[in-house]
Amino acid sequence: MSSPELTPSEAAHRAARAGLDLPPERHAAVAATAEHIQSVVAVLRELDFGDTPPGAAYRAEAEHLDAGERPDAAV
């Protein structure tokens with residue numbers, strides 16, 4: 001199910017409802033960015049993770065690291 005395209009005026013309306021003062025020259029850019037984010041989220045929602053446990057179930061343990069390697073959360 002796809003949602004209707006977010007227009008610049010609708011982006012401005014939503015920003016105002018959220019208490020954000022959005023200058024008119026930013027309306028189109030914000031609408032385009034929101035559309036892109038929605039398209040990425042739509043793809044992620046279609047993924048089947050099956051039996052993959054949530055990230056909170058993962059435990060990084062030092063025994064799984066190579067000698068001298070330090071744990072690093074950066075990807």
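This passage describes the helices of a predicted model and the residues that lie between them and the surface.

The secondary structure of the protein comprises two helices and zero strands. Of its 75 residues, 9% count as buried, and the accessible surface amounts to about 6,900 Å², of which 56% belongs to carbon and sulfur atoms.

In helix α1, which spans residues 8–17, the buried residues are A11, A12 and A15. These residues lie on the same side of α1, because they cover an arc of only 100° around the helix axis. Such an arrangement can be understood from the geometry of the α-helix, which has 3.6 residues a turn, so that residues three or four places apart point the same way. On the other side of α1, S9, A16 and R17 are exposed, while the cover over the buried residues of α1 includes α2. Helix α1 is followed by G19, whose phi is positive, near 85°.

Two residues of helix α2, which spans residues 27–46, illustrate how α2 is placed relative to α1. H27 lies in α2 and has a relative accessibility of 18%, which is under the cut-off of 20%, and H27 therefore counts as buried. When neighbours within four places in sequence are left aside, H27 is in contact with P8, A11, A12 and L22; among these, A11 and A12 are buried residues of α1. A29, also located in α2, has a relative accessibility of 31% and therefore counts as partly exposed. Although A29 and A11 are 18 residues apart in sequence, the distance between them in space is 9.3 Å, C-alpha to C-alpha.

Note on methods: Residues are numbered from 1 along each chain as its sequence is written. This is a predicted model: local features need pLDDT of at least 70, side-chain atom pairs count only at pLDDT 80 or more; totals for chains, interfaces and linings use all residues. Side-chain values use heavy atoms; hydrogens and water are left out. Helices (H or I, at least four residues) and strands (E, at least two) are DSSP runs, numbered from the N terminus. Buried means under 20% relative accessible area, exposed over 50%, partly exposed in between (1.4 Å probe, protein chains only). Contact means heavy atoms within 4.5 Å. Accessible areas come from the Shrake-Rupley method with a 1.4 Å probe; for residues, only the protein chains shown count as cover. The arc is that of the directions from the helix axis to the C-beta atoms.
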